[in-house]
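Reader: I have a structure to study for my course, and I would like to go through it with you. May I ask some short questions?
Author: Certainly; please show it first.

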Amino acid sequence: MTEPKAFLQHASLEWEDGVPTSTLFEDIYFNRSGGVAETRHVFLEANHLEQRFRQTVTTPFVVAETGFGTGLNFLCCRDLWLNSAPLSRQLHYISCERYPLSPADLEQALAAFPEFSDGTAQLLKAYPDPVAGIHTFVFDEGRILLTLLLGDALETLPQLEARVDAWFLDGFAPARNPELWNDHLFHQIARLSQPGSTFATFTAAGVVRRGLQAVGFNVSKCPGFGRKREMLSGLMTQAPLETAAADTPIWFRRPDPMSNDMPVVVIGAGIAGASTAFALASQGYRVIVLERNAAPAMEGSGNPQGALYAKLPAIPTAHSRFHLSGLLHTRALLEALTTSASADLGQCCGVLQLAVNDKEAKRQQLVVEQSAYPDSLVYPINQAQASELAGLPTGSGGLFFPSAGWISPARLCERLLTHPLIECRYNTPVTSLEHHDGVWHLGSADIRAEQVVVCCASQAVTLAPLAHLPLKPIRGQTSQAPAPDTLAPLKTVVCGEGYISPPLHGQYCFGASFVLHDPDDQVRQAEHQHNLEILQRALPQLGQSLQQQSLAGRVAFRCSTPDYLPLVGAVADHAAFIETYAKLRDDARWPFTARPPLLPGLFINVGHGSKGLLSGPISGQLIAALISGSPLPMASEQARILNPSRFTIKNLIRKTL
Ligand code: SAM
């Protein structure tokens, strides 16, 4: 059996009077006589959203949709939210899509709605490659999150962890799409609902009415839009079901959200800390960031530029799906935050991943043969094409990621930390972390908090409740040199054994060395030499030229974990956790019923290694979701592989603990 492709086919459309029709389903995306009016009538009004948005007290308000299509419902809902909800609240809009429109079709369809041009522009910037999975994007400075479930709703909804306030059921007419409208869908809708959740749909089909009644909705018929006589809406009345995905082991269950009057404290102002603070503030939390240095991003996140791209395996794995979702998230965040005044935040200028040796060439060949990724994400190029794209001769051909690029991590951190609900306290080291009298006491910072997120990389293990975590610092030195006048400037990021970005303010930044068990933070000539050698193999002319220059250098420490994935989530009480699940040593299938003993209000977001630009921002969103009890921004499988207790579980099963 061949592996299923990890990417989806774009929808095939026909156009009539500016309205797209699906050739597969032979059904229209929106009403000819008023797409916006129809959406307002069917989805917004029947779910009473204007009034609910005005009065919303909890955050975020969660809308979920079957069938993203052109995004028109999303744009209408966003418009209502921005015009009626309190400023500090967040809308989380979740939508399933099996056949995403191509970006060109999306643009064409939405051109008919100039009143939404601002939302359309943001959507086009965020719009992902058609990569199967659950991907989350930030809109309107964080006031809105869009989570797209790309793939068949019947396969993606079981991977979602959320409590939905209002459903838009819009997956083409049941008669034209009977595979979607069935008991599996209705069961998922019920699993993700709670008493008070509502739904609305344009259809009045009996199969839908009966199906939703059977899972606990009070269903009413109401007047449809335009010439449609009837439609359905309803209210969930039954007690909530378990929201965790069915395959989530009990030891990875998320914490119950706590009420919290105090600001959340985030320790560390690198990519992980700034992203966490931004995600929390976007949900309306006040956040205090404690940073031991005098400014953000002075350590592992402090290189002038970092490459934003993922090394994708020929056959996608859980790890690579996480990295790819992270890439899509960060890339869209960069696009959303970049203005003409902030061009030094980063650039989606493309990334060349060169086949610098036989092993890498074979690996890339497999990636191409498996064709697991869409061309819009990555495609193969020969040496001449690579040189053309780079603007300088390259040592080989390779793979090209047209919409990846580079980011200035420090600029990104500064930008994220400008949120008005974030207060940064610099020169404030945290030397101890103790829980008593119901609050966390942060030593030396002289501050108390009910909820704390530790984002200070390998330093985390100096805090007693985290001493058991397997974090290891890895020394890395980057080199900087002025761009030579004699050569054209590099046009793309180039990765081989190392990486180099186009010059920023006339300076190249390239590297990096990788030295284990070495805490020394001094710049070394030998590591400059190493950086030059790997640069020379990737870009011979540029490497040669920079060889003549005197180099500046910077040493930082990546924080790495045994499986090279970060630790993101709630922190367990280590001793109690071992005791609770000790039977794993004898029987890995023991039917545990005890939820994990977690330290109240303590979370961690560390261990991003050299991939912090990919994994940091989306992990910040995950932490905010866990703290507030809101929808996970990623598939539940991904939250599981990041769970900070995973090594304890593995070690118990292996009897090494
Ligand atoms: N809400 C959309 C808008 O604002 O433009 C219109 C949705 S259109 C009527 C229905 C959408 O459902 C299509 O984009 C279609 O590809 C999608 N769809 C159909 N079957 C699906 C399935 N099994 N899983 C996910 N999406 C599906």
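Reader: Where does Ala-512 lie?
Author: This is a predicted model. In it, Ala-512 is found in the loop between strand 28 (507-511) and helix 14.

Reader: What is the peptide bond from Gly-511 to Ala-512 like, cis or trans?
Author: That bond is cis, and its omega is near -5 degrees.

Reader: Now helix 14 itself. At what angle do the axes of helix 14 and helix 15 cross?
Author: The axes of helix 14 (residues 525-538) and helix 15 (residues 540-547) cross at roughly 150 degrees and come within 6 Å. Angles over 145 degrees count as roughly antiparallel, so helix 14 is roughly antiparallel to helix 15.

Reader: Which residues make that contact between helix 14 and helix 15?
Author: Helix 14 contributes Gln-529, Leu-532, Leu-535, Gln-536 and Ala-538, while helix 15 contributes Pro-540, Gly-543, Gln-544, Leu-546 and Gln-547.

Reader: And how many of the residues in the contact of helix 14 with helix 15 are charged?
Author: There are no charged residues in this contact; five are nonpolar and five are polar.

Reader: Another pair, please. How do helix 9 and helix 17 pack?
Author: Helix 9 (residues 271-282) and helix 17 (residues 612-628) pack at an angle of about 40 degrees, and their axes are 8 Å apart. The two helices, helix 9 and helix 17, are therefore oblique to each other. Their crossing is right-handed.

Reader: Which residues of helix 9 are in the contact?
Author: On helix 9 they are Ile-271, Ser-275, Thr-276, Ala-279 and Leu-280. Helix 17 brings residues including Gly-612, Gly-616, Pro-617 and Gly-620. By class, the contact of helix 9 with helix 17 has eight nonpolar, six polar and no charged residues.

Reader: Changing topic: how many residues surround the ligand?
Author: The ligand is surrounded by 22 residues, of which the closest are Gly-67, Thr-70, Glu-97, Ala-153 and Asp-170.

Reader: Which atom of the ligand is 2.9 Å from the side chain of Glu-65?
Author: It is a nitrogen atom of the ligand, and its partner is an N or O atom in the side chain of Glu-65. A ligand nitrogen atom is also 3.0 Å from an N or O atom in the side chain of Asp-152. At Leu-72, a polar backbone atom is 3.2 Å from an oxygen atom of the ligand.

Reader: One last item. What is the phi of His-48, positive or negative?
Author: Phi of His-48 is near 55 degrees, a positive value in a residue other than glycine. His-48 is placed in the loop between helix 1 (35-45) and helix 2 (49-55).

Note on methods:
Residues numbered from 1 in each chain as written. Predicted model: local features only at pLDDT ≥ 70, side-chain atom pairs only at ≥ 80, totals over all residues. Heavy atoms only, no water. Axes fitted to C-alpha atoms, helices over the stretch in contact; angles between N-to-C directions. Helix = DSSP H or I, 4+ residues; strand = E, 2+ residues; numbered from the N terminus. Parallel < 35°, antiparallel > 145°, perpendicular 65-115°, else oblique. Left-handed = near helix turned anticlockwise from the far one by under 90°. Contact = heavy atoms within 4.5 Å. Nonpolar A, V, L, I, M, F, W, Y, C, P; charged D, E, K, R; others polar. Near = heavy atom within 4 Å. Polar contact = N/O pair within 3.5 Å; in protein donor to acceptor, adjacent residues only side chain to side chain.
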